[in-house]
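Welcome! Let us walk through this structure together, one step at a time. Please have a look at it first.

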Amino acid sequence: MSAEELAGFLQVPLSTVYVWNHRRQGPPAHKVGRHLRYRWAEVEAWLEDQAVDRAA
């Protein structure tokens, strides 16, 4: 998916996606030419890692 699609999916500003990429904080990005692309499986894995354990 594109950076724009990721921002829409996560409901965050597009600039947040670009900041995450620059700081290597968000889901792993892949450069295709000059564009950032994200794999669904990697985004889902990243989301799982971000989950908060409310039982703790």
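## A guided walk through the fold

Let us start at one residue and work outwards: A3 touches L14, V17, Y18, L36 and Y38, setting aside residues up to four places away in sequence. Keep in mind as you look that this is a predicted model.

Now for the overall layout. The chain holds three helices and two strands, and reading along the sequence you meet them in the pattern α-α-β-β-α. The C-alpha trace spans about 45 × 20 × 20 Å along its principal axes. Of the 56 residues in the chain, 25% are buried. The accessible surface comes to about 4,400 Å², and carbon and sulfur atoms account for 49% of that. What share of the contacts between residues at least 6 apart in sequence join residues at least 24 apart? That share is 34%.

Next, let us look inside. The largest nonpolar core has eleven residues: M1, A3, L6, A7, L10, V17, W20, L36, Y38, V43 and W46. Helices α1 (3–10), α2 (14–23) and α3 each give two or more residues to this core. Which element gives the most? The answer is α1, with four residues.

Helix α1 deserves a closer look. Its buried residues are A3, L6, A7 and L10. Seen down the axis of α1, these buried residues fall within an arc of 100°, so they line one face of the helix. A general point about helices helps here: an α-helix has 3.6 residues a turn, so residues three or four places apart point the same way. And what do the buried residues of α1 pack against? Their partners are α2, β2 and α3. After α1 comes Q11, which has a positive phi, near 55°.

Just ahead of this helix, in the segment before α1, you will find S2. Is S2 buried or exposed? S2 counts as buried, because its relative accessibility is 12%, below the 20% cut-off for that label. Leaving aside neighbours within four places in sequence, S2 is in contact with L36, R37 and Y38.

On the other side of Q11, we can move to helix α2, where L14 is found. With 30% relative accessibility, L14 counts as partly exposed. L14 and A3 are eleven residues apart in sequence, and their C-alpha atoms are 7.0 Å apart in space. Besides A3, the contacts of L14 include E4 and A7, again leaving aside neighbours within four places in sequence.

From here, let us go to strand β2 (residues 35–37), the home of L36. This residue was among the contacts of A3 and of S2. L36 is buried, with a relative accessible area of 12%. Which residues does L36 touch, not counting those up to four places away in sequence? They are M1, S2, A3, Y18, N21, A29, H30 and K31. L36 also belongs to the nonpolar core, as does W46. These two are ten residues apart along the chain, with their C-alpha atoms separated by 16 Å.

Our last stops are towards the outside. Helix α3 covers residues 40–50, and L47 has its place there. L47 is partly exposed, at a relative accessible area of 34%. Together with F9 and W40, L47 makes a nonpolar surface patch of about 300 Å².

Finally, let us turn to charge. Side chains of opposite charge can pair when their charged atoms come close. How many salt bridges are there here? The count comes to one. In that salt bridge the side chains of E42 and R39 meet, at 3.6 Å from N to O. E42 is partly exposed, with a relative accessible area of 23%. R39 is partly exposed too, with a value of 48%.

To retrace the walk, go back to A3 in your view of the model. A3 is one of the buried residues of α1 and part of the eleven-residue nonpolar core. From A3 you can follow contacts to L14 and L36, among others, and so revisit helix α2 through L14 and strand β2 through L36.

Conventions. Residues numbered from 1 in each chain as written. Predicted model: local features only at pLDDT ≥ 70, side-chain atom pairs only at ≥ 80, totals over all residues. Heavy atoms only, no water. Buried < 20%, exposed > 50% of the residue type's maximum accessible area, 1.4 Å probe, protein only. Contact = heavy atoms within 4.5 Å. Salt bridge = Lys/Arg side-chain N within 4 Å of Asp/Glu carboxyl O. Patch = residues over 30% accessible without salt bridge, like charges linked within 9 Å, V, L, I, M, F, W, Y side chains within 5 Å. Areas by Shrake-Rupley, 256 points an atom, 1.4 Å probe, with all protein chains shown as cover. Core = buried A, V, L, I, M, F, W, Y, C linked by side-chain atoms within 4.5 Å. Arc of directions from axis to C-beta.
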